[in-house]
Amino acid sequence: MSNVKTDIREIGLYINGKYVPAHDEGTFDVTNPATQEHIARVSEATEEDVDYACQAAREAFENGPWRTMSVQERTEKLRKMADIIIERKEEIARYDAMDVGKPYESTVAHEIGRAANNIRFFADFVEKQGGETYPMGEEYLNYTRYEPVGVATIITPWNVPFMLTTWKLGPCLAAGNTAVIKPAENTPLSVSLLGEIAKEAGIPDGVVNIVQGQGSTVGTAVTTHPEVDLVSFTGSTATGKKILKGGADTLKKVSFELGGKAANIIFEDADLDKAVPSSIRAAFMNSGQVCLAGSRILVQRSIFDKFLEKFKNAAMDLKVGDPQEKGTDMGPLVSKEHYNKVTSYFDIAEEEGATLICGGKRPDLPDHLANGYYLEPTLYIHDDSKSRICQEEIFGPVVTLIPFDTEEEALQIANDTDYGLNGVVWTENLQRAHRISHNVRAGTIWVNCWFVRDLRAPFGGFKKSGIGREGGEHSMEFFTEAKNICIALQ
Ligand SMILES: NC(=O)c1ccc[n+]([C@@H]2O[C@H](COP(=O)([O-])OP(=O)(O)OC[C@H]3O[C@@H](n4cnc5c(N)ncnc54)[C@H](O)[C@@H]3O)[C@@H](O)[C@H]2O)c1
Ligand SMILES: O=C/C=C/C=C(\O)C(=O)O
């Protein structure tokens, strides 16, 4: 079985270097959220398939050449993988546009290049990585090695399928581990290509495996499997809790990137020519289905009306439509289920007494998009930070503007959340920028910018937004075991 490219794509599991059907030949269907068309039939892994994938990854780890291969040889293969991703970036971005509903133009221009860079960056990183030595006079010498941990499972969400999977796969493979990937069930297309890409790059069979299927069954099976040593997960906080519990019996090492509800704080001295377009991106990029979304916009009261006017006009100018078409800013939401979840917040907002400024409904679109899960950019004003629309991660094109008077009040509202993934501050006052950055309890703070990423920097969440950090040495720390070797010299 292979990734046959027909109108309805047939997608197999990728185990031990081959695309294979599920043991019981079971499949599930994938639809295009822009149109509700049936676009793919995907093999649904059984417990036996998950077991086979985990055993294949274990065998490749223990007895294959990957773990013991020279760093030069391993990193050459990873760089080849990054090159193939670039060569195939149009195809990968088309797939993300088809099952996520992500605008093709921005995906091909930014996300897929970043995906290739995720692999290349960690190849370069391990090539430069050394170890420490601790001489104990003339009697003993200690030196450290950073060794791979074993078999990792990589579980990723539907909002950024390909880029987020490579963000974990890069350091996992660079360190010499083997992987069993479980993509999100509604967006399996682009990640399924990683099997053939790995093969073409010369990565040995069994090093990269992909099992497809539901989180509650396949996700549970892979995160509780005794051969799996570590779980690198990006997804919701609720699923993170389940994985932590399920992995307790076999004591799995975990790294979790979870939900967010970031405050985007706009002070009266902000440069609105920059703050407004950036806040629009932070609110509506990928239809607001971004963990880092600036979904609570805190605006100082003295400029509230001015900001509101500019922000509302810019939101209403966004082009909602076919993700495959040029010029589309916002595609549909990912699925009917998610559309229902996001739109349920319209009733909640009304009950909570929030003021609707724009959106809150489907846009008028051409007939061929009549069945897609589209929503207009939606903007509320609300001053109750405890309300559900200010507390819960809506994960759609829905933002709430919250007025504030003082810096203290802004900080109090910003921190009034269980999440702590990121925060944003707009001000021309240097001291204030630092004060706010130090006092917002979140893993990344962007000052006068948003979603600028340096792959060396720590990335992850405070509070319920995660466990551990990714990026540079933080990813490598997770994917390696430090070993100290102490030698008697006399
Ligand atoms: N912090 C970050 O970097 C980051 C990035 C992107 C998305 N997210 C978060 O992801 C969420 C949206 O994604 P989602 O709805 O796909 O999340 P989700 O937790 O429902 O699903 C994520 C993945 O986990 C799998 N899964 C579900 N139940 C499982 C279980 N019991 N055991 C093992 N795996 C299971 C799913 O199949 C999917 O592959 C949002 O909360 C968002 O903030 C976080
Ligand atoms: O929607 C979530 C986006 C997450 C981004 C990253 O994990 C990253 O940039 O590394």
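Me: A residue counts as buried if 20 or more other C-beta atoms, placed from the backbone, lie within 10 Å of its own (exposed: 12 or fewer; partly exposed: in between). Why is helix α6 (residues 189–200) largely enclosed by the rest of the structure?

Reply: This is a predicted model, in which local features need pLDDT of at least 70 and side-chain atom pairs pLDDT 80 or more, while totals for chains, interfaces and linings use all residues. Residues are numbered from 1 along each chain as its sequence is written, and chains are lettered from A and ligands numbered from 1 in the order in which they are written. Within α6, a DSSP run (helices: H or I, at least four residues; strands: E, at least two; numbered from the N terminus), the buried positions include L189, V191, L193, L194 and I197. The helix is largely enclosed because the buried residues number nine of the 12.

Me: Which residue with positive phi follows α6?

Reply: The buried part of α6 includes G195 and A198. After the helix comes a residue whose phi is positive, near 85°, and this residue is G202.

Me: Which element gives the largest share of the shell around ligand 1?

Reply: Ligand 1 is surrounded by 31 residues (C-beta, placed from the backbone, within 6 Å), of which P157, G215, G219, G235 and T239 are the closest. Two or more residues of this shell are given by each of α7 (215–224) and α8 (237–246). The largest share, five residues, comes from α7.

Me: From which domains does the shell around ligand 2 draw at least three residues each?

Reply: Surrounding ligand 2 are N159, V160, L164, W167, E257, V290, C291, L292, R453 and F459. The shell around ligand 1 draws at least three residues from each of domain 1 and domain 2, whose bounds come from an automatic or database assignment. For ligand 2, the shell likewise takes at least three from each of domain 1 (9–258 + 465–486) and domain 2 (263–447).

Me: How many residues does the contact take from domain 2?

Reply: The assignment divides the chain into domain 1, which is written as two segments, 9–258 and 465–486, and domain 2, which spans 263–447. Their C-alpha centres lie 31 Å apart. Where the domains are in contact (C-beta atoms, placed from the backbone, within 7 Å), domain 1 contributes 16 residues, and the number taken from domain 2 is 23.

Definitions and conventions: Two residues are in contact if their C-beta atoms, placed from the backbone, lie within 7 Å.
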